[in-house]
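Here is a short tour of one model, written to be read with the structure open beside you. Let's start with a helix and then turn to some aromatic rings.

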Amino acid sequence: MKKCRSCSKPATLHITEIQNGKAVAVHLCESCARDYLDDDNNAGTGDPGADLAAKLESLMAGTDEESQAACESCGITFAEFREQGRLGCPDCYQEFRTELTSLLENIHEDALHIGKRPARSAKVSDGQSRLMHLRHQQRVAIEQEDYEAAAKLRDEISAIENSLQNPESDADPDADDVR
C-alpha cells in the first residue's frame, strides 16, 4: 500500500500525470486529497488540467533537488533510476540510500526484507542460515589472520551442526537422565 506524499497515512488517491513525456505519480490520503481538491477548486483558473499540472508541480518541487543528485561512480541520477527502474552500479545503493528507503517504505510498508521460511522446518532453516553466516564470518576472520576468533566460530559452527544432525538432543537436554 502506498503512503501519502504529504503525510504518512495510506494513500487513497493516486494521480498519474504525463508532463513533457514523463509520468509523474502523486499519492495522497483522504484528508490531503480533500485539501488538494479544495485548493484546486478555489484556484478557479477554469482549466482543470492546468490546475492539476500546477498542483503536481508544486508537490513534486520538494523532490526535484533529490532527483538531480547523481551517483559519483556511474553518474546516474535518482530521476533516471525512477524512469528506468534500475540503478547504475552497487554504489548507487549508498548514494541514494535515503530516497530508496522512503521508496521501499511506500511500496512494501517497510525497508527491511525478512523473506519467507517454511513453517514446518523453521528451526532447520534458521540453523542453516545461521551456519552460512558463521562460515562467512569465519572466512573473514581467517583472511584477517584472526585465528582466535576463527577458532571460536569453528566451535560455534560445530555446535550448530551437531544440533541440526541430532534434533532430539536439542529438545530436552536432560532426556538421557530420565529412566
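## Helix α5

In this predicted model, helix α5 has 12 residues and reaches 16 Å from its first C-alpha to its last, close to the 16 Å expected at 1.5 Å a residue. Its buried residues are Glu 99, Leu 100 and Leu 103. These three cover an arc of only 95° around the axis, which puts them on the same side of α5.

Turn to the other side of α5 and you will find Thr 98 and His 108 exposed. Just after the helix comes Glu 109, with a positive phi near 65°.

## Aromatic pairs

How many aromatic pairs does the structure hold? There are 2. In one of them, the ring centres of Phe 78 and Phe 81 are 5.4 Å apart and the planes meet at 40°; since that angle is neither under 30 degrees nor over 60, the pair is tilted. Both residues belong to helix α3 (residues 78-84), where they sit 3 residues apart, about one turn of the helix. Phe 78 and Phe 81 are both buried.

Phe 78 also pairs with Phe 96: their ring centres are 5.6 Å apart and their planes are at 55°, so this pair is tilted. Here the contact links distant parts of the chain, with Phe 78 in helix α3 and Phe 96 in the loop between α4 (92-95) and α5 (97-108), 18 residues apart. Phe 96 is buried, as is Phe 78.

## One cluster

Put together, Phe 78, Phe 81 and Phe 96 form one aromatic cluster.

Notes:
Residues numbered from 1 in each chain as written. Predicted model: local features only at pLDDT ≥ 70, side-chain atom pairs only at ≥ 80, totals over all residues. Heavy atoms only, no water. Phe/Tyr/Trp six-rings, centres within 6.5 Å; stacked < 30°, edge-to-face > 60°. Helix = DSSP H or I, 4+ residues; strand = E, 2+ residues; numbered from the N terminus. Buried < 20%, exposed > 50% of the residue type's maximum accessible area, 1.4 Å probe, protein only. Expected span 1.5 Å × (residues − 1). Arc of directions from axis to C-beta.
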